[in-house]
Amino acid sequence: MTNYSTYVDWRRTFHQYPELSDEEYETTEMLRKILKSYGIRILDVPLKTGLVAEIGQGEEMIAVRTDIDALPIEEHVKHEFTSTHQGVMHACGHDIHMASILATGTQLKEIEDELNGRVRLIFQPAEELGHGAFEIINTGVLKGAKAVLGFHNYPTLKVGEFAIKSGAITSAVDRFEFNIKGAHAAKPEQGNDPVIVVGQLINSLQTIVSRNLSAFDSAVVTIGEISCGNTWNVIADKAYIQGTVRSFDEDKRHYIENRMKNIADGLSRVFNVDIDLTYSRLPGAVVNDTHLTQEAIEVAKNVGYHVSMLDEPVTIGEDFSGYTEEYPGVFAFIGSDSKYDLHHPKYHPDERILEKVPQYFVQLVQRLLT
Ligand code: NI
């Protein structure tokens, strides 16, 4: 029989020994030890870090996922379990996620004989780099999954609060980089000035959302960095612009990417310069299945959560999108009440979040497996 104080101990241990994405070796070992000590079987899955465990028997299978990686951030919170790994911190609360899913696993293990199917616990590496979900999917371990369930702790919600929506709940996060090659320094007539092109590019990029998307669609195009030239009397020979696009469905995402390519081609011809665009597609939008969202809301209310419906997706990226692209899934935000935000060196979630999260997943799994 496990209980809240055990979950807190697990979380604090993970917090004390955080590891970066793709380097979660100790974390994987800790998870393995705990799962084994409860007699939970661990599947033989070819993963460098992270692991997959299974409870139950039968045809149907549901997956419950936690991420396991930490961030390259120096912790600025003093407590008895402050990170002992310099410059690395569980500042996104994945320690909370791991403890919650371990707790879910141990509770499900106690009722294993009553389960009408199998539950796969996915301990996923490298969420922060946006590729861990795809590593898991590529192993084939989710094949046939009836549902994939997940959550993220959410600092602006109080403990006991639960927020969700059907459809897109997070945004697709993409990165764009423009490299513009100009010409010879003191003789503008022999080549072209990348500074002028930068000016045009800024204006053109800003028309994508304002002029090319319908008033009923939304997206964000943000330029985060411009570098160009380094003194007053020399024409710059190159320029660099990078930024991010946040979008909420695949059509718009493709459209924006194509529009950027066209703008780059057009300006390159108009100004006779080389413009090279690198568009990197990072995680897509997490899209919640409508039916599963309804089930999740029912269960969250049963467990005693105060449930609120999000009006729109949050503009954070989450590689859980990899799962919802392939399988029906549902992802919720659950209150962890921290004064400082996710990815902040003073991020300090309220551990009482660990009381209800396991109950939510246990009941949701039971409900979906009948
Ligand atoms: Ni996170």
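Visitor: What makes β10 largely enclosed by the rest of the structure?

Guide: Eight of its ten residues are buried, so the rest of the structure largely encloses β10. Please keep in mind that we are looking at a predicted model.

Visitor: How many bridges pair β8 with β10, and in which sense?

Guide: Ten bridges join strand β8 (residues 172–181) to strand β10 (residues 238–247), and the sense is antiparallel. The registry fits that nicely: Lys181 has Lys238 of β10 as its bridge partner, while Ala172 is bridged to Ser247. β10 also pairs with β9 in the antiparallel sense, over nine bridges, and there Thr222 stands opposite Thr244 of β10.

Visitor: Why are β9 and β11 said to stand at the edges?

Guide: The four strands run in the order β9-β10-β8-β11, forming an open sheet with antiparallel pairing. Two strands count as paired if there are at least two bridges between them. β9 (219–228) and β11 (274–281) each have a single partner strand, so one side of each has no neighbour in the sheet. Between neighbouring strands here, the average turn is 15°, direction ignored.

Visitor: Which helices accompany these strands?

Guide: Helix α5 (residues 194–212) lies across β8, β9, β10 and β11, at about 170° to β9. Helix α6 (residues 250–271) packs on the sheet too and touches β8, β9, β10 and β11, with its direction at about 165° to that of β11.

Visitor: Let's turn to the other sheet. What makes β1 and β13 edge strands there?

Guide: That open sheet has eight strands, ordered β1-β2-β4-β3-β5-β14-β6-β13, and its pairing is mixed. β1 (41–42) and β13 (306–309) each have a single partner, so one side of each is left free of a neighbour in the sheet. β1 pairs with strand β2 (residues 51–56) in the antiparallel sense over two bridges, and since the cut-off is at least two bridges, the pairing counts. Arg41 has Glu54 as its bridge partner in β2.

Visitor: Why is α1 called roughly perpendicular to α9?

Guide: Helix α1 (residues 4–16) and helix α9 (residues 353–368) pack at about 105°, their axes 9 Å apart. Angles of 65 to 115 degrees count as roughly perpendicular, so α1 earns that description against α9. On the α1 side, Tyr4, Tyr7, Val8 and Arg11 meet Leu354, Glu355 and Pro358 of α9. Those contact residues comprise five nonpolar, no polar and two charged.

Visitor: How do you know which protein atoms are donors of the nickel ion?

Guide: A donor must be an N, O or S atom within 2.8 Å of the metal. Cys92 (SG), His94 (NE2) and His152 (NE2) lie 2.1 to 2.3 Å from the nickel ion, and they are its protein donors. Along the chain, the donors follow the spacing C-x1-H-x57-H. Cys92 and His94 are both buried.

Visitor: And why does His90 count as buried?

Guide: Buried means under 20% relative accessible area, and His90 has 2%, so the label applies. His90 is found in the loop between β3 (61–67) and α3 (94–110). Leaving aside residues up to four places away in sequence, its contacts include Phe14, His15, Asp95 and Tyr347.

Conventions
Residues numbered from 1 in each chain as written. Predicted model: local features only at pLDDT ≥ 70, side-chain atom pairs only at ≥ 80, totals over all residues. Heavy atoms only, no water. Axes fitted to C-alpha atoms, helices over the stretch in contact; angles between N-to-C directions. Contact = heavy atoms within 4.5 Å. Parallel < 35°, antiparallel > 145°, perpendicular 65-115°, else oblique. Nonpolar A, V, L, I, M, F, W, Y, C, P; charged D, E, K, R; others polar. Donors = N, O, S within 2.8 Å, 3.2 Å for Na, K, Ca; no water. Buried < 20%, exposed > 50% of the residue type's maximum accessible area, 1.4 Å probe, protein only.
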